[in-house]
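Open the model in your viewer and keep the selection tool ready. The tour below moves from one stop to the next.

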Amino acid sequence: MPLLSFWKNNREEVLKMGVDQIVSSAGDGNLRDGTAASEEFRKFLRVVPSENLSRYARQCLEKSYEKGGLILQDIVNEFGQKLDFDVEPGLYQGKKTAIGFDGIWRSERDPEIIVEVKTTDYVTVSLDKLAGCREKLNADHRIGSNASILIVVGREDTGALEAQVRGSRYAWDMRLISIERLIKLVQIKEKSDDPNTLVQIRQLLRPFEYTKIDRIIDVIFTTALDVETQQISDHDAVAGEQERDSSKQDRTDSDLLNSKRQEAVDAFAAAKGKDLIRYSRTLYWSSDKKTRTCCAVSKRYQIDYQPYWYAFHPNWDRFLAEGEDSFFILACMDQNEAYAVPHSWITANKKNLNVTEKGEKSYWHIALTLDRGLLAINLSRIGKKVPLQPFAFSWGPKVQAKAV
């Protein structure tokens, strides 16, 4: 059975497989340039969760696969996709008639990054050859003159290669990062909803004062986790303002919130017949970026007239607006049912929602109320309640997800 069909019908089984088994199931199982195996493997990497990509990368480094370097090249390029770069994969095998590179990562308004992947720094790296590749790509009008080079290395102990780069005439054109820290960058991006985080990540991958950037990434990783915790605390605090006795508020654990969010997104994706890829903490999209969702989760509050409350942020609005089939999913911690509200409905009704503005930050309030025993969105500015049942989908052992 072809890999993508196997994935569609046996998702959980495929996620248990090692990367060598994955590759053997793609096409004829032999990764070569321009083959069905390569195309199918790359499409598969596009839709699997980042945690699995990280596991596959580590398997390439810890085990001896015949074409482990080629597999790792595709995985690293997929990490570039996860960081929202437009990635042009390079060739597996060099040709006299082609310019050799492992990947070109592009982003709007920023110089390109030429990526070179090495499983270990014991492999000799010719900096002159890499610089020559950049010159040829520039002459071929495929990159700009200010493009930089990023060397991605499997091992973290890269002192010799660092010294080689630092002592060369290319010190301000090349940077070095380990696979593990590249994985952390993806984790940072996926744990944050702040667009500035992605901008900072991209800047880290380009030449600046330091040669190796691992220590800086460690600091950002810790900071991002703190920010995520604060975001969740702020959400509970805002909703708690609406309760008479805020001292009775119990903060919902972030792992539980994220687990419920993933359950809802997975159920919605199944109902739509789509693979949805995590873009950030709350945002997801399909591989073609046309189907998009934002999923917010609320605990149940001890107020009958308003049991659930959500914020809807401007950056979420912009993300959904750029898709063709976009939804704001309202998930509830105590239910295996959620509500996929079309973004078009949100757009038409934002003027009827309450808004909080705090300096440069603002968000719309989406409060749920009970209307004849069923949940409804309370459009408080016009005194109207909109039933949510038409937007409902559910999941669980005894409930089959309904199409939206």
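## First stop: Thr 120

Select Thr 120: at 15% relative accessibility, it counts as buried, because the cut-off for buried is under 20%. Keep in mind that this is a predicted model. Thr 120 sits in the loop that runs between strand E3 (110–118) and helix H7 (127–139).

What does Thr 120 touch, not counting residues up to four places away in sequence? Show Val 153, Gly 154 and Arg 155. Now pick the C-alpha atoms of Thr 120 and Gly 154. They are separated by 5.2 Å, though the two residues are 34 residues apart along the chain.

## Zoom out

Show the whole protein as a cartoon. Its secondary structure comes to 14 helices and 16 strands. Of the 404 residues, 53% are buried. Among contacts with a separation of 6 or more, 63% join residues 24 or more positions apart. Switch on the surface: about 19700 Å² is exposed, and carbon and sulfur atoms supply 47% of that area.

## The nonpolar cores

Next, select Trp 105 and Leu 185. They have the most contacts inside the largest nonpolar core, a set of 48 residues. Stay on Leu 185. Leaving aside neighbours within four places in sequence, Leu 185 is in contact with Leu 83, Ile 177, Ile 201, Leu 204, Leu 205 and Ile 217. Another core, of 31 residues, lies apart from the largest one. To find this second core, select Trp 285, Tyr 308, Phe 312 and Trp 364, which are among its members.

## Helix H12

Select residues 254–272, which make up helix H12. How far apart are its end C-alpha atoms? They are 27 Å apart. At 1.5 Å a residue, the 19 residues should span 27 Å, so the model agrees with the expected span.

Colour the buried residues of H12 next. They are Leu 257, Asn 258, Lys 260, Arg 261, Ala 264, Val 265, Ala 267, Phe 268, Ala 269 and Ala 271. Step just past the end of H12 to Gly 273, which takes a positive phi of about 70°.

Phe 268 also leads to another group. Ring pairs link Phe 268 with Phe 327, Phe 393 and Trp 395 into a cluster.

## Aromatic pairs

Show the rings of Phe, Tyr and Trp. The count comes to 14 aromatic pairs. Begin with Trp 309 and Tyr 363, an edge-to-face pair: 6.3 Å centre to centre, 85° between the planes. This pair links distant parts of the chain, 54 residues apart. Trp 309 is in strand E9 (residues 308–312), and Tyr 363 is in strand E13 (residues 361–371). Are these rings buried or exposed? Trp 309 counts as buried at 3% relative accessibility, and Tyr 363 counts as buried at 12%.

Move on to Trp 316 and Phe 328. This pair is tilted, at 6.0 Å centre to centre and 45° between the planes. Trp 316 lies in helix H13 (residues 314–321) and Phe 328 in strand E10 (residues 325–332), so the pair ties together parts twelve residues apart in sequence. Trp 316 counts as buried at 6% relative accessibility. Phe 328 is buried too, with a relative accessible area of 0%.

## Last stop: arginines over rings

Select Trp 172 and Arg 175. Arg 175 lies over the face of Trp 172, at 5.8 Å from the ring centre. Then select Phe 85 and Arg 202. Arg 202 lies over the face of Phe 85, at 5.1 Å from the ring centre.

Key. Residues are numbered from 1 along each chain as its sequence is written. This is a predicted model: local features need pLDDT of at least 70, side-chain atom pairs count only at pLDDT 80 or more; totals for chains, interfaces and linings use all residues. Side-chain values use heavy atoms; hydrogens and water are left out. Rings of Phe, Tyr and Trp (its six-membered ring) pair if their centres lie within 6.5 Å; planes under 30 degrees apart count as stacked, over 60 as edge-to-face and the rest as tilted. Helices (H or I, at least four residues) and strands (E, at least two) are DSSP runs, numbered from the N terminus. Buried means under 20% relative accessible area, exposed over 50%, partly exposed in between (1.4 Å probe, protein chains only). A charge sits over a ring if NZ of Lys or CZ of Arg is within 6 Å of the ring centre and within 35 degrees of the ring normal. A nonpolar core is a set of buried Ala, Val, Leu, Ile, Met, Phe, Trp, Tyr and Cys residues joined through side-chain atoms within 4.5 Å. Contact means heavy atoms within 4.5 Å. The expected span of a helix is 1.5 Å times one less than its number of residues. Accessible areas come from the Shrake-Rupley method with a 1.4 Å probe; for residues, only the protein chains shown count as cover.
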